Structures are given as C-alpha cells and as structure tokens.
Amino acid sequence: MHICFLTLDFPPYRSSGLTVYAEQVVKGLAARGHTVTVVAAERVGRTQVEPPYHLENVSVVRVPIGATDWIGFGWQAARYLRANRGNFDVVHFADVHFAYAYSGTFIASAFQSFRQRLTSHHGRPYHTNWRNYLFRLSYYSFARWFMEQPSVNRAKHVVMPSASTQEEFIEHYHVARSRTTLVYLGIDTQRFDTMPTQAEARRKLNFPMDCKILLYIGFSTPRKGLEYLAQAMEIVTTPVELVMVGKWEANYQDRFLKALQHQQSHVRIEGYVPDTMLLDYFAASDIFVFPTLLEGFGIPLVEAMAAGLVVVTTTAGSASEIIGDAGVSVPPGDSVALAKALDTVLTAPDLVRSLGKRGKVRARALFDEHRAITELEALYEAVLGNHN
C-alpha cells in the first residue's frame, strides 16, 4: 500500500507524544514493506531534537503553516491532498482534528477530545493563569464545534488508542461504534530487555546513591497536573528526590516551581533528553509518577512498565486503563491522595517488586510495536475493502 500519514511534527522535530506515535507508525509500516509519504509542518528556526528518518520507502513532505500551528497545518495538508488526489491507497491523519479542511476519504486517530480538554480540570479547562484559562475556554470551544466534530463526522474510520477514548467519542461525538477500532499504541519493548543497573545509571547521571528517586517524563503542560505533584512533594513523608524529563510549555514551569515551595532543592529538572539516554533515567529511578489531568494513551506509562518501574498515576482519561493492575491510580487533581500513594509504594519494597514484574509482563503482552502495526495494517485492509 501507499499510505499518506499526516502529522504536525516529524523528526528531526518533536513537539509531543503525538510525534512519537507518528514515528512509530511510520517506521512500523515501512518495515512491513509499505510506501509511506509523511506530510508534516515546516518548522523554520525550531530546534532539531532527534535525527531525521532515512528509510528507503519513506518520504517526508513539509508544508508551511505560519504561526497558526495545527490549524494552519490542517489547511495546508488538505491543499496537498487535493493536489495529489488518487496517489494514495490510505490517507491517515495522526489526530482527527487535523482533517477539518479535508473532504476526501480518510482514516484518523483520536486521542483527547476538545470536550475533555474543556472539562478536565475540576470541570474547567486546565490552564496556567486566568488569561490562559479564558483563551483555552474560547479556543477549545471553537475547535470542538467547528473543526473536531465535522472531522469526526467525515472520517471513514477512527482509530482509538484506548477504550476510554473510544467511549468518549461514541458518547459525546455520536460516532457509531462500527466506525471505531481500538488499537493500543506500541513501543519497542525489546530495548528495555537490557538495562544498566541502578548504580551504573546513577553514576552516569550523577544522581545520589542513597535516596529514593521519583521519575516523571512528558511534555509538561497544564494538562499534566504537575502543580499537584509539587503540592504532594510538600506532603510526602518519605525522603525522596524528583527527576523531571521533557520540554515545558511557556510559563508552566514557573507555576510548578511556585507550587513546590520548600521542596525545590529536591527536584532536578533535566529538560529534553534524547531517546538514547532515556534507559539510564528509567534504570536510575525507583518509582514513575504521572499526575495527568487528561490522557488519551500515555507512552511514558508503557515505557515505565517495560522498564520494571512501579507507576503512580491518576484515573484521568486512559491512564489507569493503560497501567491496569501494574500500578497505583488516584483521582486527578488530588495532591493528598497522590502523596499517600507515593508514601505507600516508597515504603513497601515487596509491593514495588510485585507491581514492577506485573508491569513488565503487561507492557510486552499488550503494547508491543509489532502487534500495534499488525492491527493497524489489518484495519487499513478492512477499510479499503469496504471502500471498494
């Protein structure tokens, strides 16, 4: 098949977990012998964070988007598809709202809905301040009704990364269940089979040897609920250090640091870390913490399980669905419950070992990249058959 995969960012640029999803899908499809044309945004002046892809049957087309981010991308992507109509067997948008300007036949993935974004923070949009709150309230409302809902209505089929996301779109966007298929994202679980020891990793990263380490990995935006982790750090009674990996949305780090109060000396903010170094961070840590307010899937959750770390997360979106019985989930936005959960696992080595083993098994059984691509390939063939 010749597949056109449309994603806002693609290596050497990476803006979020959605980019990682796009990389995994494109790489997996190419490995199965398909020809893939990636349409992504042209990012003039943006920092290149990962090596570009050089696969024989993958080509990357960059479209200009200006300052309008995904809105401009959706418009330019539709123009590209109209100009190349008939060249592709499958058109797949990495996120369904990217397709708002395209009227042809397409498949789309869906992660979080704009309805969820409007209500995920105690019934309101997550935000950094009141000005940001008002902006998100109007922006998410407009995007939901004028871009997301029409895109969902036109999609030939919607790929769902979790059952909770699937139910969200069926219930609130009136998508027929027959037009949806659950396909869990996959990761390269084999890379976690050989990891350095904790002592080796801590020496390499210059981490202390004599304390418990919490690890958080993600693109830090108000959606991740990190202010509640900061508050929990004030309540946790077990001595612990927090290591944070990933980029930050503008102004959100200041809000997080303010919420930390007296615990700033126990937090190490690493910023963006290349994929080649992530195994060291997983190996050096004791617990993985992910206090999200809304999650469509959560690739770091699966990576942490594959590495054998106990996960403490929330019940928001799909997070608790992804970790199953291999971790601990608390209500989102509840710093007291989060602190209690962290104290529980930090002081229960037998529980840590048990949950860590469960996580390894769960990650390899449900979230292997080969299984994910096989299911996606079968979905393409089924949709193509129905279309013909």
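The following questions and answers examine strands, a helix, salt bridges and the nonpolar core in a predicted model.

Me: Are I287 and V289 of strand β11 buried or exposed, and what of F288 and F290?
Reply: Strand β11 spans residues 287-290 and has two faces to consider. I287 and V289 lie on one side, while F288 and F290 lie on the other. Both faces are covered, and the state of all four residues is buried.

Me: Which residue of β11 is the bridge partner of L214?
Reply: Strand β8, residues 212-217, pairs with β11 in the parallel sense over 2 bridges. The partner of L214 in β11 is I287.

Me: Which residue of β12 is the bridge partner of I287?
Reply: β11 also runs parallel to strand β12, residues 310-314, and 4 bridges join the two. Within β12, the partner of I287 is V310.

Me: Through which helix does the chain cross from β11 to β12, and what is the hand of the crossover?
Reply: Between β11 and β12 the chain passes through helix α10, residues 299-306. This gives a β-α-β crossover, and its hand is right-handed.

Me: Which helix gives the largest share of the largest nonpolar core?
Reply: In soluble globular proteins, nonpolar side chains tend to be buried together. The largest nonpolar core here has 135 residues, and F73, F93, F282, F288 and L342 have the most contacts inside it. The largest share of this core is 8 residues, and it comes from helix α1.

Me: Which residues does F282 touch, leaving aside those up to four places away in sequence?
Reply: F282 is among the residues with the most contacts inside the largest core. Leaving aside residues up to four places away in sequence, its contacts include E303, A304, A307 and L309. The others it touches are F192, M195, L215, I217 and F288.

Me: Which residues of helix α6 are buried, and why do they line one face?
Reply: An α-helix has 3.6 residues a turn, so residues three or four places apart point the same way. Seen down the axis of α6, the buried residues fall within an arc of 100°, so they line one face of the helix. On the other side, R203 and K204 are exposed. The buried residues, which pack against β8, β10 and α9, are A201, R202 and L205.

Me: How many residues apart in sequence are the parts that R202 and D286 tie together?
Reply: The side chains of R202 and D286 meet in a salt bridge, with N and O 2.8 Å apart. Both residues are buried. R202 lies in helix α6 and D286 in the loop between α9 and β11, so the parts tied together are separated in sequence by 84 residues.

Me: Is R223, at 15% relative accessibility, buried or exposed?
Reply: R223 meets E295 in a salt bridge of 3.3 Å, N to O. R223 lies in the loop between β8 and α7 and E295 in the loop between β11 and α10, so the pair ties together parts 72 residues apart in sequence. Buried means under 20% relative accessible area. E295, at 6%, counts as buried, and R223, at 15%, likewise counts as buried.

Me: What is the distance between the closest N and O atoms of R177 and E167?
Reply: The structure holds 17 salt bridges. R177 and E167 form one of these. R177 is partly exposed at 47%, and E167 is partly exposed at 34%. Their closest N and O atoms are separated by 2.9 Å.

Definitions and conventions: Residues are numbered from 1 along each chain as its sequence is written. This is a predicted model: local features need pLDDT of at least 70, side-chain atom pairs count only at pLDDT 80 or more; totals for chains, interfaces and linings use all residues. Side-chain values use heavy atoms; hydrogens and water are left out. Buried means under 20% relative accessible area, exposed over 50%, partly exposed in between (1.4 Å probe, protein chains only). Two strands pair if DSSP finds at least two bridges between them. A crossover is right-handed if, with the strands pointing away from the viewer, the path from the first strand over the helix to the second runs clockwise. A nonpolar core is a set of buried Ala, Val, Leu, Ile, Met, Phe, Trp, Tyr and Cys residues joined through side-chain atoms within 4.5 Å. Contact means heavy atoms within 4.5 Å. A salt bridge is a side-chain nitrogen of Lys or Arg within 4 Å of a carboxyl oxygen of Asp or Glu. The arc is that of the directions from the helix axis to the C-beta atoms.
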